[in-house]
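Q: I have a fold open on my screen and would like to understand the labels people put on it. Could you go through the reasoning with me?

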Amino acid sequence: MKSLVIVESPTKTKTIKKYLPDGYVVDSSMGHIRDLPSSAKEIPAKYKKESWSNLGINVDDRFDPLYVVPASKKKIVTKLKKLLKDSDELILATDEDREGEAISWHLVELLKPNVPVKRMAFREITKEAIQNALENFRDIDMNLVHAQETRRILDRLAGYTISPLLWKKISPGLSAGRVQSVAVQFLVARERERMKFKSGIYYDLKAELSKLGDKSRFNADLSHLDGKRLASGKDFDENTGKLKKPDSVVLLDEEKAGKLRELLNSAEWKVSKIDVKTQKRNPSAPFITSTLQQEANRKFGFSARDTMSIAQKLYENGLITYMRTDSTNLSGQAISAARNEVEKQYGKEYLFERVRQYGKKSKGAQEAHEAIRPAGSSFIHPDNIKLGAREFKLYDLIWKRTIATQMAEAQLEFTNVTITASKDGTEADFKTSGKKILFPGFFRAYVEGSDDPDAAIENQEIFLPELTEGEAAEMHKLESISHETKPPARFTEATLVKELEKRGVGRPSTYASIISTIQDRGYARRDGKTLIPSYTAFAVTSLLEEHFPHVVNSDFTSKLEDKLDEIAKGEYDPVKYLEEYYHGENGLKAQVDRQEDKIDGQKARVLDLPLDNLNGMQVHVGKFGPYVKTESDGEEITTSLPVDLDPGELSADKIRELLKAEKEGPKSLGEHPETGEPVYVLNGRFGPYVQRGEVTEENKKPKRVSLLKGMKPADIDFETAVSLLELPRPLGDHPETGKVVKAGVGRYGPYVVHDGTFKSLKKDDNVLTIELDRAVQLLKEKGKVGRGSSAIADLGNHPETDKPIKVLSGRYGPYIKYGKKNISLPKGTEPEKFTMGDAVRLIDEKGKK
């Protein structure tokens with residue numbers, strides 16, 4: 001008997017083959033085999049005249065979706081049909097979630113098998129799990145299929161109904177999404193809070209103390225003055241920068257802090273109170289999708305998309321259980337494996353006295369699902385697997401978190417000490433705290449936010465000398481310290497995932513794609529770990545808040561998710577749900593029809609930013625980016641905002657400065673020593689730059705060079721400007737080839753180049769002063785990859801095709817090499833920050849085109 005087994009990816013194909021008996025042929029569908037049309041070109045001719053064809057959904061007939069096979073999948077379909085002809089049964093072994101269930105259903109609908117069809121379900125790819133799945137086939141779960149299909153239709157209706165409105169009213173190419181728009185609104189709302197924030201300044205005192213005659217010293221901070229608490233950051237109103245309740249706290253300014261310091265320099269210092277408490281800490285629950293994304297971002301800086309891509313690879317290679325899960329449940333097999341590993345690695349004293357189970361689940365979690373953990377009935381130690389650097393980090397993280405769940409509690413002792421300084425009737429209380437780890441317990445394996453648990457244990461301990469109440473203390477140093485209250489922190493990927501989960505927006509399995517989408521579409525950019533919303537994000541969010549508030553309302557979106565969960569359980573009719581959402585007096589279509597004529601496109605492009613003293617100055621979004629506009633003496637003045645000036649850094653003074661520079665025109669720093677042309681420092685759409693000469697009919701493109709990172713226009717003198725204009729500058733001939741080596745600045749920053757091979761400068765290198773020897777050293781650091789190309793990063797193998805992917809620098813800019821294909825990186829991409837997730841998306845887009 002011959003069986004055809006279909007999975008979603010080539011990597012999964014290779015792994016599952018190892019555990020199947022003879023007579024089983026395994027092949028891959030490469031993800032979804034069909035979908036709604038992605039463009040007008042994909043709509044079959046017989047449907048093109050239908051009023052709903054652009055949606056790909058017949059909204060007049062039970063929201064019947066129009067599915068098509070993309071051109072990139074036609075060869076795969078042909079191959080699978082051919083394999084099916086020679087098979088006696090079809091086994092569907094796609095992932096056990098809504099997407100996987102839908103892929104299986106689409107395969108049946110498209111292949112139309114005349115042989116028995118069996119659904120094979122497993123959550124890890126191990127010999128035991130596959131054997132168990134072969135003995136326990138089931139039918140396709142149509143409730144899960146309906147839930148996935150309904151989500152897909154919902155997202156299409158929301159995106160295709162509202163996005164065209166944004167094209168008309170704000171700018172072509174914009175998009176709105178059912179979950180995406182809520183995520184963008186979170187970023188914008190936080191940025192508005194930051195822009196409205198008024199900082200407050202306060203002072204306190206820090207004392208360096210010791211026991212009398214003791215060499216070891218410790219610090220203590222002033223907390224109370226004459227029994228009244230000292231003001232700290234939490235006491236200030238973020239909108240005024242003033243104290244919320246000025247009578248309830250003592251506020252020290254610089255003068256008062258200085259006088260108090262002088263007084264206490266000759267004070268008597270005594271230990272007035274000691275409070276010792278012990279505390280037990282329990283380990284965190286094992287990973288679910290969202291907590292894995294958060295912790296990988298905190299520890300390693302991985303994006304949500306990178307984390308899921310790496311986890312997918314680990315799962316498909318049989319190393320971890322399925323990585324899209326909302327459940328913290330651990331199976332008996334997993335608990336037994338974890339407890340064995342604890343005893344083996346750390347000894348019996350580190351094993352928790354009983355089995356520890358985690359019952360708490362995320363919203364919508366399914367009981368049958370399990371947390372993310374190492375696969376199998378015994379866990380492979382991270383040091384015993386050959387993995388790439390990023391795969392090792394993530395597997396190590398999952399392994400440690402899982403075994404920590406069965407480890408003993410950590411036992412800690414906290415000592416809080418109050419030391420009172422008395423002088424001339426003034427009493428100042430200083431507080432300090434000590435911390436001892438009495439028993440590390442699970443800390444030996446896992447400490448949140450730390451790569452090295454042993455180092456983290458050591459760093460956590462704060463030692464104080466043995467002190468007794470009433471004993472004198474010796475003060476060695478007393479200093480006054482100023483503090484400024486800080487605005488609310490911007491979201492990182494980790495904190496945005498946490499916020500989405502807390503509000504019930506989307507589901508953890510969708511967070512990676514949501515966060516990637518808002519960056520890919522220009523609504524936010526990453527700066528380090530933080531996400532900064534763009535001017536376009538402000539414009540779109542304001543329009544949606546005013547005219548379609550439900551689209552950016554997290555409660556509304558959360559209720560939609562609850563309904564999808566009900567559909568997945570078979571408790572709600574999907575067609576009724578879609579009718580409620582789209583049709584009727586308050587449905588999406590009616591709302592868009594009502595609001596379209598009410599929206600003034602010109603007003604929609606003017607940003608309502610929470611800035612003071614604008615006095616008629618306006619910030620707009622336009623075809624060529626954001627700009628500011630005002631009137632002066634009846635004349636309209638406009639100027640572009642520099643590309644590196646984010647909304648949160650904008651102020652009325654900055655806008656005035658830009659407009660003034662535009663009105664007055666450029667001022668020459670001097671005449672270029674060689675050409676006699678004037679040298680200017682100018683601001684442009686892509687930031688500040690220096691220019692030699694003026695734009696004329698004869699000289700349409702005068703020489704321009706961008707300022708280096710960290711340079712400010714106000715700091716550029718004539719000599720620096722001339723040095724910049726010399727770029728790219730020859731450094732001399734390469735000692736091996738005799739060909740010239742140059743240093744310059746490109747789209748991706750400063751570089752050196754020799755014979756078509758580029759190398760980015762290091763942090764400590766200066767493009768204006770670098771010499772030939774250093775340039776040759778840099779050029780040798782990366783081996784040559786091909787004629788005119790040098791390696792920037794080796795990303796590893798593609799998660800589905802297993803082909804190697806490298807980021808290279810070539811004669812015409814950076815690109816990725818995928819197998820034998822070369823694909824240029826999109827404009828504006830920083831090659832050093834290009835991730836595997838970015839590469840997979842770029843390869844998919846190239847395939848579609």
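A: Happy to. In this predicted model, let's begin inside helix 18 (residues 588-596), where aspartate 593 and lysine 589 are 4 residues apart and therefore separated by about one helical turn.

Q: What makes aspartate 593 and lysine 589 a salt bridge?
A: A salt bridge needs a side-chain nitrogen of Lys or Arg within 4 Å of a carboxyl oxygen of Asp or Glu. For the side chains of aspartate 593 and lysine 589 the N to O distance is 3.2 Å, so the pair qualifies.

Q: Why are aspartate 593 and lysine 589 called partly exposed?
A: Buried means under 20% relative accessible area and exposed means over 50%, with partly exposed in between. Aspartate 593 has 47% and lysine 589 has 38%, so each falls in the partly exposed range.

Q: How many salt bridges does the rule give?
A: The count comes to 48. Some share partners: Arg98, Arg507, Asp562 and Asp565 are joined that way into one network.

Q: How do you know that arginine 217 pairs with glutamate 208, and what is the exposure of glutamate 208?
A: The closest N and O atoms of arginine 217 and glutamate 208 are 2.8 Å apart, which is within 4 Å, so the pair is a salt bridge. Glutamate 208 has a relative accessible area of 23%, so it is partly exposed.

Q: What makes arginine 490 and glutamate 649 a salt bridge, and where do they sit?
A: Their side chains meet at 3.4 Å, N to O, and the cut-off is 4 Å, so the label holds. The pair links distant parts of the chain, 159 residues apart. Arginine 490 is in the loop between strand 13 (473-484) and helix 13 (493-503), while glutamate 649 is in the loop between strand 18 (635-640) and helix 20 (652-664).

Q: Why is arginine 490 called buried and glutamate 649 partly exposed?
A: Arginine 490 has 14% relative accessibility, which is under 20%, so it counts as buried. Glutamate 649, at 41%, lies between the two limits and therefore counts as partly exposed.

Q: What makes aspartate 60 exposed, and where is this residue found?
A: Its relative accessibility is 60%, which is over 50%, so aspartate 60 counts as exposed. Aspartate 60 is found in the loop between strand 3 (57-58) and strand 4 (64-65). On the surface, Glu50, Asp60, Asp61 and Asp64 gather in a patch of negative charge.

Q: What is notable about phi of aspartate 424, and why is this residue called exposed?
A: Phi is near 50°, a positive value in a residue other than glycine. Aspartate 424 lies in the loop between strand 11 (410-423) and strand 12 (426-439). Its relative accessible area is 67%, over the 50% limit, so it is exposed. Aspartate 226 also has a positive phi near 50°, in the loop between strand 8 (218-225) and strand 9 (228-229).

Q: How do you know that strand 23 and strand 24 pair?
A: Pairing takes at least two bridges, and 4 join strand 23 (residues 729-733) to strand 24 (residues 740-746), so these antiparallel strands pair. Glycine 732 stands opposite valine 741 in strand 24. The two strands form a hairpin with 6 residues between them, and glycine 738 in the turn has a positive phi of about 80°.

Q: Where is proline 728, and what kind of peptide bond joins leucine 727 to it?
A: Proline 728 is in the loop between helix 21 (718-725) and strand 23. The bond is cis, with omega about -10°.

Definitions and conventions
Residues numbered from 1 in each chain as written. Predicted model: local features only at pLDDT ≥ 70, side-chain atom pairs only at ≥ 80, totals over all residues. Heavy atoms only, no water. Patch = residues over 30% accessible without salt bridge, like charges linked within 9 Å, V, L, I, M, F, W, Y side chains within 5 Å. Areas by Shrake-Rupley, 256 points an atom, 1.4 Å probe, with all protein chains shown as cover. Lys, Arg positive; Asp, Glu negative; His and termini not counted. Charge placed at Lys NZ, Arg CZ, Asp CG, Glu CD. Buried < 20%, exposed > 50% of the residue type's maximum accessible area, 1.4 Å probe, protein only.
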